[in-house]
Amino acid sequence: MLNIQDSNYFKRTIKIFVVAMTLILIAFVLSLIFSPSIETFKSISSGLPSNLEDAQGLNKVWEYILNNGGRVPLQMFIFSLIPIPFLYCLNIISTSIVTGIMFGFAIHIDFNKGIIMVGSAIPHAIIEIFAMCIVISGLYKLNQAIVRKISNLFRSNKKQNFSFKLALSNLLKVYLLVALPLYILAAFLETYFTDFIYNLFT
């Protein structure tokens, strides 16, 4: 259905996802061991856009979609156009580390409530991060095409160029048909399911 001309697209996505989950686990374990201060937690929380903090209901869903499904992928796309490999991965690295720290901090402050909070947040966190991995998998080929074209300018023996047009086409297809729906699902889960589960068990 997607007609993606990249046989390794989703295999690459899974590899990126495994790395992201590993970063979350490492950050989680380290935050349990070193017990971040309240100030650290507040500084992390203050990184959220103010419109997300104040929004409610469907308006909050829409803000999550705009931010997580729009602004963040656009920022990663812009980074991918810079001929520096993996610069576009900064967002998922920071997201994974912050997620792990916040999970560890919540359990450290209050074990019972922390477990409930982490359990209620895991579904939307996993879906959102997986959507980011799907986008990054496409950005990898896009950035690779740019880097190869520029590096060939300085080579006497040219290497085969990658198609920028094909990479962009694959990225747009997968973003619109797979990643964006996942971002939308994550936004609904974060707005309604997370609070529902947390309130149910507290």
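These legends go with several close-up views of a predicted model.

**View 1. A salt bridge between D6 and R12.** The side chains of D6 and R12 come together here, with 2.7 Å from N to O. Side chains of opposite charge can pair when their charged atoms come close. If you go looking for another salt bridge, you won't find one: the structure holds 1. Both partners, D6 and R12, are buried.

**View 2. Two cysteines, C89 and C133, that stay unbonded.** The count of disulfides in this structure is 0. Why is there no bond between C89 and C133? The closest cysteine sulfur to that of C89 belongs to C133, and at 9.1 Å it is too far for a bond; a disulfide would need the two sulfur atoms within 2.5 Å. Seen from the other side, C133 has the sulfur of C89 as its nearest cysteine sulfur, and C133 is in no disulfide. C89 is buried, at 12% relative accessible area, and C133 is buried too, at 0%.

**View 3. The largest nonpolar core.** This core is made of 27 residues, and M76, I92, V135 and Y183 have the most contacts inside it. Helix 1 (9-34), helix 4 (57-80), helix 6 (111-152) and helix 7 each put in at least two residues. Which helix gives the most to this core? That's helix 6, with 9 residues.

**View 4. Around I92, and a second core.** Zoom in on I92 and set aside its neighbours within four places in sequence: I92 is then in contact with I16, A20, I129, M132, C133 and I136. Another core, of 5 residues, lies apart from the largest one, and F103, I107, V118 and A125 are among its members.

**View 5. Helix 7, from its cap to its bend.** Helix 7 runs over residues 164-201. At its N-terminal end, S163 acts as the cap: a side-chain oxygen of S163 sits 3.0 Å from the backbone nitrogen of L166. Further along, at Y175, helix 7 bends by about 45°.

**View 6. F86, a loop residue with a positive phi.** You'll find F86 in the loop between helix 4 and helix 5 (90-109). What is the phi of F86 near? Phi of F86 is near 70°, a positive value, and F86 is not a glycine. Most residues other than glycine have a negative phi. Is F86 buried, exposed or partly exposed? With a relative accessible area of 49%, F86 counts as partly exposed.

How values were computed: Residues are numbered from 1 along each chain as its sequence is written. This is a predicted model: local features need pLDDT of at least 70, side-chain atom pairs count only at pLDDT 80 or more; totals for chains, interfaces and linings use all residues. Side-chain values use heavy atoms; hydrogens and water are left out. A salt bridge is a side-chain nitrogen of Lys or Arg within 4 Å of a carboxyl oxygen of Asp or Glu. Buried means under 20% relative accessible area, exposed over 50%, partly exposed in between (1.4 Å probe, protein chains only). The bend at a residue is the angle between axes fitted to the seven residues ending there and the seven starting there. Helices (H or I, at least four residues) and strands (E, at least two) are DSSP runs, numbered from the N terminus. A polar contact is a pair of N or O atoms within 3.5 Å; within protein, one must be able to donate a hydrogen and the other to accept it, and residues adjacent in sequence count only if both atoms are side-chain atoms. A nonpolar core is a set of buried Ala, Val, Leu, Ile, Met, Phe, Trp, Tyr and Cys residues joined through side-chain atoms within 4.5 Å. Contact means heavy atoms within 4.5 Å.
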